[in-house]
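User: Please take a close look at the pockets of this protein. I would like to know what lines them and where they sit relative to the domains.

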Amino acid sequence: MDSLTQIVLGAAVGEAVLGKKVGNKAMLYGAIAGTIPDLDVITRYFLDTVTATEWHRGFSHSIFFSVLFAPVFGWLVWKINKKESATWKDWSWLMFWGLFTHPLLDAFTTWGTQLFWPFKTRLAFQSVFVIDPLYTLPFVVFLILSMFQKRTAVKRRKYVHLGLIISSAYLLLTLVLKAIAFKNFENALDEQGIVYSEMNTRPAPLNTVLWMANIDTEDAYLMGDYSFFDTQPISFTSYPKNHALLGKWSSNDKIERLIKISEGWYTITENDGHLYFNDLRFGLISLDENETQFAFSYSLVPNGDDLIVEERPKFKRDAKRLLSALWQRMWGN
């Protein structure tokens, strides 16, 4: 999830664990713990694109990391705050829950997390977008309300608990919404007589009203969207796999790793003699039916017997255009 959401979750968890003893410091250090796992983004500055992508939400988002580093960070915080009544064990417990709830929340997103690292399995429920105001905003309100209460006040803990309960209930609701959307996509495919081997569904950016689907057919992937306010049948757009375009590069180590990262959901496109590897799990950069560029796309540049892989940049103008289209599409077709 986005940094603000992880800060809010970490702060709430910190308050729930140690707020009675140390007051707002529990929120502060909980927020810090909630941001630590995402420091893995710095690997992009000294690793190649493929390796950095593999490492993202890997080791730092695992149970192993939380268990290993909670007492280390707990000891550092304890040394800084020796005047407080909290012990090293208390601070370590706070840090553990701040570190551990971060990847738990990320597991609900499309990218998911390697919660059980060093095992390669990536846990991804794909029921919330990385930014979801319906999850974050109520949480922020309750957290702010609790900050203005005395550390021993009943209302303080009540507000924090309400924030945790409501946000957790929303996450569970998104799983129900995902199941309903999946069933509607499934029915549409059956009605249209489309034969497929696998389907992947996810929410559109910033909401859980509009859902997207990728469908695996023999030679192409179909993509469709469905809003709970729709009155017209679901339609699907076909995107050729074009895996043969890789040619001799199909056995290249970086390509094989990209395929694993995308979990097999990828197409290859060619433009002016340049090849691009497109990760389908995050959809296109717009809702235009003629759009061909995907949100996560990598240029494949030959470099002797190897490839240089570079992620194609995203632009603010594309985001603005997508948000406007999403707002209109969300309310039905």
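Analyst: The model is a predicted one. A short note on helix packing comes before the pockets. H1 passes H6 in a left-handed crossing. Helix H1 spans residues 3-22 and helix H6 spans residues 133-147; their axes are 10 Å apart and make an angle of about 40 degrees. The two helices, H1 and H6, are therefore oblique to each other. In a second pair, helix H4 (residues 63-80) and helix H5 (residues 88-106), the axes come within 7 Å and cross at roughly 140 degrees. H4 and H5 are likewise classed as oblique, and the crossing of H4 past H5 is right-handed.

Now the pockets. The largest pocket has a volume of about 1300 Å³. Its lining is made up of 50 residues, and those nearest the centre are Pro205, Phe282, Leu284, Ala295 and Leu322. Seen by secondary structure, two or more lining residues come from each of the strands E1 (198-203), E2 (210-216), E3 (220-227), E4 (236-240), E6 (274-284) and E7 (294-303), and from helix H9 (316-330). The largest share belongs to H9, which gives 6 residues to the lining of this largest pocket. Sorted by class, the lining of the largest pocket holds 28 nonpolar residues, 12 charged ones and 10 polar ones.

As for location, domain 1 covers 3-174 and domain 2 covers 194-332; both give residues to the lining of the largest pocket, so this pocket lies between them.

The second largest pocket contains about 610 Å³ of space. It is lined by 19 residues, of which Glu54, Trp55, Gly58, Gln114 and Arg122 are the closest to its centre. Two elements give two or more residues to the lining of the second largest pocket: helix H3 (49-55) and helix H8 (253-261). The largest share here, 3 residues, comes from H8. By class, the lining of the second largest pocket divides into 8 nonpolar, 7 charged and 4 polar residues.

Both domains also appear in the second largest pocket: domain 1 (3-174) and domain 2 (194-332) each give at least three residues to its lining.

To put the two linings side by side, H9 gives the largest share in the largest pocket, and H8 gives the largest share in the second largest pocket.

Methods: Residues are numbered from 1 along each chain as its sequence is written. This is a predicted model: local features need pLDDT of at least 70, side-chain atom pairs count only at pLDDT 80 or more; totals for chains, interfaces and linings use all residues. Side-chain values use heavy atoms; hydrogens and water are left out. On a 1 Å grid over the protein atoms alone, a cavity is a set of points where a 1.4 Å probe fits but cannot get out, and a pocket is an open set with protein on both sides within 12 Å along at least five of seven lines; lining residues have an atom within 4 Å of a point. Grid points are joined across faces, edges and corners, and a volume is the space filled by probe spheres set on the points. Helices (H or I, at least four residues) and strands (E, at least two) are DSSP runs, numbered from the N terminus. Ala, Val, Leu, Ile, Met, Phe, Trp, Tyr, Cys and Pro count as nonpolar, Asp, Glu, Lys and Arg as charged, and the others, Gly among them, as polar. Domain bounds come from an automatic or database domain assignment. Axes are lines fitted to C-alpha atoms, for helices over the stretch in contact, and angles run from 0 to 180 degrees between N-to-C directions. Angles under 35 degrees count as roughly parallel, over 145 as roughly antiparallel, 65 to 115 as roughly perpendicular and the rest as oblique. A crossing is left-handed if the near helix is turned anticlockwise from the far one by less than a right angle, and right-handed if clockwise.
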